[in-house]
Amino acid sequence: IQGFSHLDRCAIEGLPHLEAALGCGKGVILLTAHFGYSRLLKYALRLKNYTVWLVGPQVSSNRRKQMPSWGKKVYYNWLNMPEFSAMEENDFEPGLNVRPLVQVLQQNEILVLTADGLRASNLIAVELLGQTSAFATGSVSLARGSGATILPAFVVDADTDLIGMKLCVEPPLALECTNNPK
């Protein structure tokens, strides 16, 4: 956990994919999931001088109050990240108003969305690795409408990195534009 204070030393694989996507000038959607350290995508890339926005639920004050004393110590003292300490974990609450998200993409900035967010207004069942999972369609709809590039991205454990994790940016998803909203 103390290694989080050295997030600037986090290895980043696939940065050329991000640079190429930003070069198109229509913004980038980093599509992640609820495994690994997905919320660290924003912080790791901000330390590399990218403008990154995260869509996700706020940590409620009740949840903060229920945090055990050791959790507060880790959160405030060891993470050593002002944005975490201020509890500013995200920039946009999930919801139906996509105007702020479109603005981010129009400014050619980076937007982090989760594919497996169960708060989505539209979910589809997708077979993945022999399991059926629910995936939100909003990120694809947003990309189709704005022209933004979707790049799968994850922060995962790495045994070769100084801090024990790495950020992986994968090649862009190819979108098939049809009349079917799903």
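Which residue in strand 4 is the bridge partner of Leu31? Select Leu31 and look across to strand 4: the partner is Leu113. Keep in mind throughout that this is a predicted model.

**Stop 1: the parallel pair.** Now widen the selection to residues 28-32 and 110-114. These are strand 2 and strand 4, paired in the parallel sense over five bridges. The Leu31 and Leu113 bridge belongs to this pairing.

**Stop 2: the whole sheet.** Show the neighbouring strands. Six strands form an open sheet in the order 1-8-7-2-4-3, and the pairing is mixed. Go to the edges next: select 11-13 for strand 1 and 52-54 for strand 3, each of which pairs on one side only. Look along the sheet to see the twist, which averages 25 degrees from one strand to the next.

**Stop 3: the helix across the sheet.** Select residues 138-146. This is helix 7, and it lies across strand 2, strand 4 and strand 7 (149-157). Against strand 2, helix 7 runs at about 165 degrees.

**Stop 4: the largest pocket.** Turn on a pocket display. The largest pocket has a volume of about 850 Å³. To find its centre, select Val55, Pro94, Gly95, Leu113 and Ala120, the closest to that point among the 35 lining residues. Leu113 is the residue from the opening question, the bridge partner of Leu31. Three elements give two or more residues to the lining: helix 6 (99-106), strand 4 and helix 7. Helix 7 gives the most, with six residues. Colour the lining by type: 15 residues are nonpolar, 16 polar and four charged.

**Stop 5: the hairpin.** Move to residues 123-128 and 131-136. Strand 5 and strand 6 pair here in the antiparallel sense over six bridges. Pick Leu123; its bridge partner in strand 6 is Ala136. Then go to the turn, where two residues sit between the strands. Check the backbone at Leu129: its phi is positive, near 55 degrees.

**Stop 6: confidence.** Colour by pLDDT. The chain averages 78, and 71% of the residues score at least 70. Which helix has the highest confidence, and which the lowest? Helix 1 (residues 15-23) is highest at 97, while helix 5 (residues 82-85) is lowest at a mean of 44. Finish by selecting residues 80-87, where pLDDT stays under 50. The model has 19 contacts beyond four places in sequence for this stretch. Where pLDDT is low, predicted coordinates should not be read in detail.

Terms used
Residues numbered from 1 in each chain as written. Predicted model: local features only at pLDDT ≥ 70, side-chain atom pairs only at ≥ 80, totals over all residues. Heavy atoms only, no water. Pairing = 2+ DSSP bridges. Helix = DSSP H or I, 4+ residues; strand = E, 2+ residues; numbered from the N terminus. Axes fitted to C-alpha atoms, helices over the stretch in contact; angles between N-to-C directions. Contact = heavy atoms within 4.5 Å. 1 Å grid on protein atoms, 1.4 Å probe; cavity = no way out; pocket = protein on both sides within 12 Å on 5 of 7 lines; lining within 4 Å. Points joined across faces, edges and corners; volume = space filled by probe spheres on them. Nonpolar A, V, L, I, M, F, W, Y, C, P; charged D, E, K, R; others polar. pLDDT = per-residue confidence, 0-100.
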